[in-house]
4 protein chains.
Amino acid sequence: MNVHSEAEEWVVARAAAKIHRDAKTKYDRILESAIKVFARKGFHNSRISEIAAEAEVADGTIYLYFKNKDDILIRLFENSLEQIIADLRAEIGKENDALRKLRRFIKMHLDLVNKNPNLAVVLQVELRQSNKFMKEYEPTRFIDYLNLIAEIIREGQAQGAIRADVAPGIVKRALFGALDEIALHSVLTRKGKDYLRTSADQICEMFLRGIAA
Amino acid sequence: MNVHSEAEEWVVARAAAKIHRDAKTKYDRILESAIKVFARKGFHNSRISEIAAEAEVADGTIYLYFKNKDDILIRLFENSLEQIIADLRAEIGKENDALRKLRRFIKMHLDLVNKNPNLAVVLQVELRQSNKFMKEYEPTRFIDYLNLIAEIIREGQAQGAIRADVAPGIVKRALFGALDEIALHSVLTRKGKDYLRTSADQICEMFLRGIAA
Amino acid sequence: MNVHSEAEEWVVARAAAKIHRDAKTKYDRILESAIKVFARKGFHNSRISEIAAEAEVADGTIYLYFKNKDDILIRLFENSLEQIIADLRAEIGKENDALRKLRRFIKMHLDLVNKNPNLAVVLQVELRQSNKFMKEYEPTRFIDYLNLIAEIIREGQAQGAIRADVAPGIVKRALFGALDEIALHSVLTRKGKDYLRTSADQICEMFLRGIAA
Amino acid sequence: MNVHSEAEEWVVARAAAKIHRDAKTKYDRILESAIKVFARKGFHNSRISEIAAEAEVADGTIYLYFKNKDDILIRLFENSLEQIIADLRAEIGKENDALRKLRRFIKMHLDLVNKNPNLAVVLQVELRQSNKFMKEYEPTRFIDYLNLIAEIIREGQAQGAIRADVAPGIVKRALFGALDEIALHSVLTRKGKDYLRTSADQICEMFLRGIAA
DNA sequence: GATGAATGAGCTTTCATTCAT
DNA sequence: GATGAATGAAAGCTCATTCAT
């Protein structure tokens, strides 16, 4: 390889990087950078300036798109959850039977942890360290998520597949809590795919038997 | 009530307070004050000086008993869990049947949240906001707690009351997660006794059916 | 003087102050303020906030230009010494004869103490109270200063005016030590011009005879 | 060696240590410990509790013998200087000739640095870091020390060996400064015996020629 | 919209000193 | 005299946020 072509390649690579960078909105670039930085350093140890550097924008620019540091975390949560809910709905839609829907739901929840480790760290660990998120955030999206479960349960009850005395409003939280704790353990101990698969099976077995008519 | 008796009562009250204060070690007084202050203001918004004032000791005195602010939280967690584990063991000991043990366990876990609201706030919300706790703490006591559940499950499997293909190491976490999420919701929304009772019943029903042979 | 003209003068003075303030870089303003404050209160008794106030910048701004409090002292030392060395070189350059150069050097060293009393206090007293300066600082500039003396001595030896058995590396320190002690005494007892003049004469007489061939 | 005699030896050693410890007054033990600790850690980084531990006394005991931390340093300085002055007087007394006395003085000053490295570190570096010492201390002992030099010079002038136009009050400081700077350099760079010997010779040669009639 | 220099509030922790025993 | 548990004042530095350009 001669010097000429090396230089040419470098120019091409730079141009490609720039196109890629320009293709995304600054908003998205900041969110993606925040996920990386939060996952790497933790929420409280991440500096706005680091996120800005990672996103190749100025510190002040972040405040054109986000109210403050906690807001990045919360919007990140909402954005991700919105996408996840959409994906889950699509996945669930492939089944008619409520119990089979729940099975898909459980498997997919834990599969997401496996496939998005950075996001999982942020949602499982860092998010809960924001006082604003824990105390002030109106958890609309989170409630949407929980209600996905409640809906399936009610559907199952209508179908006669799930016991009528099961309280969807409570069981939705119990199931979420179970999945969440498994996800947290997976993230903190870096136990990955196998652990999550086995756990998904165990939880399916237990919950479905637990609420089946 | 006349002024005289008021003054007398005040004297008596002061004396009682002093006796109470002297009766406890400074260590215990600091821990109890920390629970109150953390529950009231949140971990990050609590000042060491507030805890010291509440415990009626000097700021510096706290550092004779604790390494730092996070250490207070962690020791508070360990102390509480140690007591809780002892109480749970005693409670469980009253039954021979594994499934009945689990039932007692579940009911008591949520009953503790009801009976110690301040402690519950700290353990459910504030504790998780300490980066040191989430990332550096070796969760020995927590594992002890989880293993209480695993033990009962293994016992039930030996008795033939619980399915042999249930994985105690996973189900213990799933059950804890479910209870924890219900506890968190109770704490954040200030839903108390009734919510916790109903939830305990629902979780018992679901889990016990879910793992029964 | 009437009130009218007083007010006018004040306006003029303020304007002048502002021009003066804007003309210098923040870096220089902070250094100059530090000299004043350190001289007035001593290094350990000076607060960063005082230096900031004197320089009319925010506390945090200081940390955009300096690593920490000790760094201000060290940079102050280096900046001053750099200027002093340049001036001394110019002064020395006016003579050809090594002994006459030394004479100029000695007189000028003590004259600087007389002309910059604040800086002298800082360099003689406060600088030595910084642990970082005494133990961690790599004294490049100071060595440059000492080597000015060594160079002149070597020159004198080449010229045959100074004994060949004089060790420049030791005598440079002995001469500096002598001047430094006189300077310190002048600063601590506020003995000024006359004391310094007489001392310069005495030291010249003694050193030059002491090393002359 | 059998176990029996080992135990016996240990008892004897302990007893000897205790006797040694008791033989010195607490005052002396604290001063000696302070020299060690200050030399090891520096004045500002030494804790009263460390000095107390080293001296095997309680923290509070130190305040029965010393006003405060700076007082330890100052009393340490005075104690040492008193001893040094006595030794120097004895040494000087061995000569009649003023110039020979000065020679002995210079050599002994630098020899003391060589022989008491810990003390030298404290007197050369740490002492100057005490604001109280630099600004409030009435330097009686130090003046005694300087006057030793002045006396010899006056003696030499009376003998006709030293020029009459030499100002003893200035030259004493110049000589001290020269010796002090060499001592400091030796301490900071850990250049020991050889450096100090050569320096002593150079300074003798220069000073004695410099002031000789 | 984008920048980044400047701001300044905010707080844990240390450790010399005291004093009841 | 000796102890050592308790005190509490004291301040450097960080970093989220602003705003003039």
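**Group meeting: a walk through the predicted model**

Hi everyone, let's start with one residue: Glu95(D) counts as buried, because its relative accessibility is 13%, and the cut-off for buried is under 20%. Please keep in mind throughout that this is a predicted model.

So where in chain D is Glu95(D)? You'll find Glu95(D) in the loop that links α5 (69–92) with α6 (98–115) of that chain. Now look at its surroundings. Leaving aside residues up to four places away in sequence, Glu95(D) touches Arg100(D), Lys101(D) and Arg104(D). Two of those neighbours also show up as polar partners. The side chain of Glu95(D) makes a polar contact with the side chain of Arg100(D) at 3.2 Å, and another with the side chain of Arg104(D) at 2.8 Å.

Staying with chain D for a moment, let's see how it relates to chain C. A turn of 180 degrees, with a shift of 0.0 Å along the axis, lays chain D on chain C with an RMSD of 0.1 Å. The two copies are therefore related as by a two-fold rotation axis. The same surface serves both of them, too: 97% of the contact residues of chain D recur in chain C.

Now over to chain A, and its overall make-up. Chain A has eleven helices and zero strands, so if you follow the elements from the N terminus on, you read α each time. The chain has 213 residues, and buried ones make up 49% of them. What about contacts within the chain? Take those between residues at least 6 apart in sequence: 71% of them join residues at least 24 apart.

Next, the place where chain A meets chain B. How many residues of each chain are in contact here? There are 39 from chain A and 38 from chain B. Together the two chains bury about 3200 Å², with 62% of that on carbon and sulfur atoms. Three residues are worth clicking on: Ile170(A), Arg173(A) and Met206(A) supply 20% of the area that chain A buries against chain B, more than any other three residues.

For those of you who like charges and polar pairs, the count between chain A and chain B is two salt bridges. One of the salt bridges to look at joins the side chains of Glu126(A) and Lys135(B), at 2.6 Å from N to O. Between these two chains there are also eleven residue pairs in polar contact, with both residues at pLDDT 80 or more.

Which elements of chain A give two or more residues to the side that touches chain B? They are α7 (117–126), α8 (131–135), α10 (168–189) and α11 (193–211). Of the elements in chain A, α10(A) gives the most to this side, with twelve residues. Sorted by class, the side of chain A that touches chain B has 18 nonpolar, twelve polar and nine charged residues.

Let me finish with a residue from that helix. His185(A) is found in α10 of chain A. Is His185(A) buried or exposed? His185(A) counts as buried, because its relative accessibility is 13%. Not counting residues up to four places away in sequence, His185(A) touches Arg190(A), Lys191(A) and Tyr195(A) in chain A, and Arg173(B) across in chain B.

That's my tour, and I'm happy to go back to any part of it on the screen. Thanks for listening!

Note on methods: Residues numbered from 1 in each chain as written. Chains lettered and ligands numbered in written order. Predicted model: local features only at pLDDT ≥ 70, side-chain atom pairs only at ≥ 80, totals over all residues. Heavy atoms only, no water. Contact = heavy atoms within 4.5 Å. Buried area = accessible area lost by both parts, 1.4 Å probe. Salt bridge = Lys/Arg side-chain N within 4 Å of Asp/Glu carboxyl O. Polar contact = N/O pair within 3.5 Å; in protein donor to acceptor, adjacent residues only side chain to side chain. Helix = DSSP H or I, 4+ residues; strand = E, 2+ residues; numbered from the N terminus. Nonpolar A, V, L, I, M, F, W, Y, C, P; charged D, E, K, R; others polar. Least-squares fit on C-alpha atoms with pLDDT ≥ 70 in both. Buried < 20%, exposed > 50% of the residue type's maximum accessible area, 1.4 Å probe, protein only.
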